[in-house]
Amino acid sequence: KVTHEHSEALNQRIKEHLALLDHSDPDANGWEQITEDGEMKVYRKELVQDGLICDPLKAVHSVGLVTAKEMCHYFWFPDVRRDWEETVDVFDVLETLDEATTINYQTHKQVWPAAQRDCLYLSSMVKVDNPPSVGDKIPHDTWIVCNFSVDHPEANPVSGCVRALIEVALICQTFITLPKDGGPITRDCLQCDIIYVANVNPGGWAPASVLRSIYKREYPKFLNRFTNYVQQKTKDLKLLF
Ligand SMILES: CCCc1ccc(-c2ccc(S(=O)(=O)CCO)cc2)cc1[C@H]1C[C@H]1c1ccccn1
């Protein structure tokens, strides 16, 4: 397995994010629920670092009809980013490190009165081989996409943008309910549990009220839009495990 210069950092972050699979009760540990929409619950912590709003965000969700690999694939796959991302203007893949790892540059639509933000990050999709089992449910497969800020010599930043720093993970697990009649596994047998975490450092000052209202509005919208997108995209395709 060929590694790249960020392999160490990636593996370290995956290890840290997988600790989330212990499904420690998000209502504990100081998480404040900001949204509930069906199976989707969104939590945040209020965190100010160097005067900047860096609220950690965590969302848990469970959706039918799709597998963990499909969810992670469409979250990672650069070619479809624009189909579901609506807060991103410029999006470029600067480098492809391997068949599941790219370095991306993107700008986010400006939200007045904050300056426009851009992000330069590594994005990698990894299958988790021996995930910590959770309670009595045995996942069929577990996949993770990690997006975290890196430097890159070829970044040609859009002038005027403030560089935001991100630490994001999407962890997905497929649970299968075998059909009673012993028939083939269809999409109706699938349930995909999702844990999404995002730590965004805005990189420069922005009004706390503006940032917190953006996050409260944008994260639930993005999670609903993205999960619906994957269900639509995969409904007539063979199941991808
Ligand atoms: C001042 C901070 C600006 C800002 C920086 C960064 C991000 C952001 C970056 C990456 C990811 S992702 O999950 O890795 C998907 C790939 O794009 C999500 C969010 C969002 C915002 C702001 C624009 C807001 C927002 C919040 C939530 C979802 C989408 N957009």
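**Helix H2 and its surroundings**

In this predicted model, helix H2 buries Ala68, Glu70, Met71, Cys72, Tyr74, Phe75 and Trp76. That makes seven buried residues among the nine of H2, so this helix is largely enclosed by the rest of the structure.

Ala68 is a good place to begin looking around. This residue belongs to helix H2 and, with a relative accessibility of 0%, is counted as buried. Apart from neighbours within four places in sequence, the contacts of Ala68 are Asp141, Trp143, Cys172, Gln173, Thr174 and Cys192. Pro139 stands 71 residues away from Ala68 in sequence, and the two C-alpha atoms are 9.7 Å apart in space.

The packing of H2 against another helix comes next. Two packed helices are described by the angle between their axes and the distance between the axes. Here the partner of helix H2 (residues 68–76) is helix H4 (residues 208–234): their axes come within 10 Å and cross at roughly 115°. H2 and H4 are therefore roughly perpendicular to each other, and the crossing in which H2 passes H4 is right-handed. On the H2 side, the contact is formed by Glu70, Met71, Tyr74 and Phe75, while H4 contributes Phe222, Phe226, Thr227, Tyr229, Val230, Lys233 and Thr234. Sorted by character, the residues of this contact comprise seven nonpolar, two polar and two charged.

Two residues of that contact reappear in the nonpolar interior. The largest nonpolar core holds 46 residues, and Phe75, Leu170, Tyr196 and Phe226 have the most contacts inside it. H4 supplies the largest share of this core, with 10 residues. For a reader tracing the core in the structure, Tyr196 offers a convenient guide. Leaving out neighbours within four places in sequence, Tyr196 touches Leu57, Lys58, Ala59, Phe75, Val168, Ala169, Leu170, Tyr219, Phe222 and Leu223. A second core, separate from this one, has 22 residues, among them Leu18, Leu21, Ile103 and Ile144.

Helix H4 also includes Arg225. This residue is partly exposed, at a relative accessible area of 33%. Beyond neighbours within four places in sequence, Arg225 makes contact with Asp83, Trp84 and Glu86. Of these partners, Asp83 is separated from Arg225 by 142 residues in sequence, and their C-alpha atoms lie 9.7 Å apart.

Several backbone details in the loops complete the picture. Trp112 and Pro113 are joined by a cis peptide bond, with omega at about -5°. Pro113 is found in the loop that links strand E7 (101–108) to strand E8 (117–128). Positive phi values appear at two residues that are not glycines: Asp50, at about 50°, and Leu65, at about 75°. Asp50 sits in the loop between strand E3 (48–49) and strand E4 (52–53); with a relative accessible area of 80%, Asp50 is exposed. Leu65, for its part, occupies the loop between strand E5 (57–64) and H2, where this residue is partly exposed, with a relative accessible area of 38%. Leu65 thus brings the description back to helix H2, whose loop to strand E5 contains this residue.

Methods
Residues numbered from 1 in each chain as written. Predicted model: local features only at pLDDT ≥ 70, side-chain atom pairs only at ≥ 80, totals over all residues. Heavy atoms only, no water. Axes fitted to C-alpha atoms, helices over the stretch in contact; angles between N-to-C directions. Helix = DSSP H or I, 4+ residues; strand = E, 2+ residues; numbered from the N terminus. Parallel < 35°, antiparallel > 145°, perpendicular 65-115°, else oblique. Left-handed = near helix turned anticlockwise from the far one by under 90°. Contact = heavy atoms within 4.5 Å. Nonpolar A, V, L, I, M, F, W, Y, C, P; charged D, E, K, R; others polar. Core = buried A, V, L, I, M, F, W, Y, C linked by side-chain atoms within 4.5 Å. Buried < 20%, exposed > 50% of the residue type's maximum accessible area, 1.4 Å probe, protein only.
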